[in-house]
Amino acid sequence: MIERIIIIENVDPVSFYGVNNANMQLIHNLFPKLRIAARGQVIKVIGEDAETSEFEKKIKELEAYCAEYNTLTDEVIIDIVRGEGPRKLKRDDVIIFGVNGKPISGRTANQQRLVEEFTQNDLTFALGPAGTGKTYIAIALAVRALKNREVRKIILSRPAVEAGEKLGFLPGDMKDKIDPYLQPLYDALEDMIPAARLKEYMETNVIQIAPLAFMRGRTLNDAIIVLDEAQNTTTHQIKMFLTRLGMNAKMIITGDITQIDLPRSTASGLVQALRVLNGVKGIGRVEFDKKDIVRHKLVQRIVEAYEKYDREAYADGSAS
């Protein structure tokens, strides 16, 4: 009898072990002659050399599957342990598999085009109205690059500008003060990375979420950098941000120039940057429209109604 210690490093233990350790119970049933104990990322197994060796091999295969698809089902576990190979999930246009194996892909032509532009360029602008999936797809692309070890970190940023409200002084430390502005970024990450793994990434700064003001003076190497709500940057802020790009790094900048929350006297840095950088080699640009809206169908009607109202108001102003 020998004891083997197996470390699972690339997956969230909760996803791997299953709810109430259901996956481990099934694995134990498939290896009835072995004594198995699992705690955290460590699995200890005691038994005959040949059986423990086979057990370790199957655990590593299960780990690889779970790392790719973020889920383990009874059918997959049985197939792998029996040596039949897992059933591959359909990958057509899938960027990554999110929490519980949810496939995340470009659902519209422009979302798919954003994936292509990101692949071909080091700086990509994604422009369009609310609900078109600009930020969600951008973060999915960043998570995929991190998962594939193409970069060492993800940096997500947005300007801390209220949408027409003055919230005043917020309680708490710096993190508590900026978290409300960055919540949409957290929401997307929680869809794509299991909770325990996401917490680890945040604590070790593999994933950094910071307001735009914290970017000055940094050179961002080996990273995917996403700037969200860029229409609310000033001309100085966006120039500062763009010049943070380092070696083996890519940027995605998202924004909607119809939802600028800056004071009327302050020009939007995004609008200026689009003019200044038009035609520069290595910069991609994808413009979404209301047909790309993937939220509730009512959102598209709301956007159309406001567009109609703005056109009529502009026409009345021009006539007068």
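In the predicted model, Glu229 sits in the loop that links strand S9 to helix H9 (235-242). Its phi is positive, about 55 degrees, although Glu229 is not a glycine. With a relative accessible area of 27%, Glu229 is partly exposed, because the partly exposed class lies between the 20% and 50% limits.

A second non-glycine residue with positive phi is Asn205. Here phi is near 65 degrees. Asn205 belongs to the loop between H8 and S8. Its relative accessibility is 46%, so Asn205 also counts as partly exposed.

Thr71 occupies another loop, the one between H3 and helix H4 (74-81). Thr71 counts as buried because its relative accessibility is 17%, and the buried class covers values under 20%. Leaving aside residues up to four places away in sequence, Thr71 touches Tyr65, Cys66, Asn100 and Gly101.

At the level of the whole chain, the secondary structure comes to 11 helices and 11 strands. The chain has 320 residues, and 44% of them count as buried. Among contacts with a separation of 6 or more, 71% join residues 24 or more positions apart.

Two sheets are described next. Strands of a sheet pair through backbone hydrogen bonds, in either the parallel or the antiparallel sense.

One open sheet is built from 6 strands. Their order is S8-S7-S9-S10-S6-S11, and the pairing is parallel. S8 and strand S11 (283-287) stand at the edges. Each has a single partner strand, so one side of each is left without a neighbour in the sheet. From one strand to the next, the twist averages 15 degrees. Helix H6 packs on this sheet. H6 touches S6, S7, S8, strand S9 (223-227) and strand S10 (250-255). The direction of H6 makes about 165 degrees with that of S10. Helix H10 (residues 269-276) packs on the sheet as well, with S6, S10 and S11 as the strands touched. Its direction makes about 125 degrees with that of S6.

The pairings at both edges can be given in detail. At one edge, strand S6 (residues 123-127) and S11 pair in the parallel sense over 5 bridges. Leu127 stands opposite Glu287 in S11. At the other edge, strand S7 (residues 153-158) is joined to S8 by 5 bridges, again in the parallel sense. Ser157 has Ala210 in S8 as its bridge partner.

Although S8 is an edge strand, S8 (residues 207-211) is mostly covered, with 5 of its 5 residues buried. The cover extends to both faces. Ile207, Ile209 and Pro211 are buried on one side. Gln208 and Ala210 are buried on the other. Ala210 therefore combines a buried position with a bridge to Ser157, where buried stands for under 20% relative accessible area.

The other open sheet has 3 strands in the order S1-S3-S2, with antiparallel pairing. Strand S1 (2-7) and strand S2 (35-39) are its edge strands, each pairing on one side only. The twist of this sheet averages 15 degrees from one strand to the next. S1 and strand S3 (residues 42-47) run antiparallel and are joined by 6 bridges. Glu3 stands opposite Ile46 in S3. Helix H3 (residues 49-69) lies across S1, S2 and S3. H3 runs at about 10 degrees to S1.

Empty space was also examined. Rolling a probe the size of a water molecule over the atoms shows where such space is left. The second largest pocket holds about 660 Å³. Its lining comprises 27 residues. Nearest its centre lie Asn10, Ala67, Leu146, Lys147 and Tyr201. Four elements, H3, strand S4 (94-97), helix H6 (134-147) and helix H8 (195-203), each supply at least two residues of the lining. H6 gives the largest share, 4 residues. H6 thus both lines this pocket and packs on the 6-strand sheet. H3 likewise contributes to the lining and lies across S1, S2 and S3. By class, the lining divides into 14 nonpolar, 4 polar and 9 charged residues.

Note on methods
Residues are numbered from 1 along each chain as its sequence is written. This is a predicted model: local features need pLDDT of at least 70, side-chain atom pairs count only at pLDDT 80 or more; totals for chains, interfaces and linings use all residues. Side-chain values use heavy atoms; hydrogens and water are left out. Two strands pair if DSSP finds at least two bridges between them. Axes are lines fitted to C-alpha atoms, for helices over the stretch in contact, and angles run from 0 to 180 degrees between N-to-C directions. Contact means heavy atoms within 4.5 Å. On a 1 Å grid over the protein atoms alone, a cavity is a set of points where a 1.4 Å probe fits but cannot get out, and a pocket is an open set with protein on both sides within 12 Å along at least five of seven lines; lining residues have an atom within 4 Å of a point. Grid points are joined across faces, edges and corners, and a volume is the space filled by probe spheres set on the points. Ala, Val, Leu, Ile, Met, Phe, Trp, Tyr, Cys and Pro count as nonpolar, Asp, Glu, Lys and Arg as charged, and the others, Gly among them, as polar. Buried means under 20% relative accessible area, exposed over 50%, partly exposed in between (1.4 Å probe, protein chains only).
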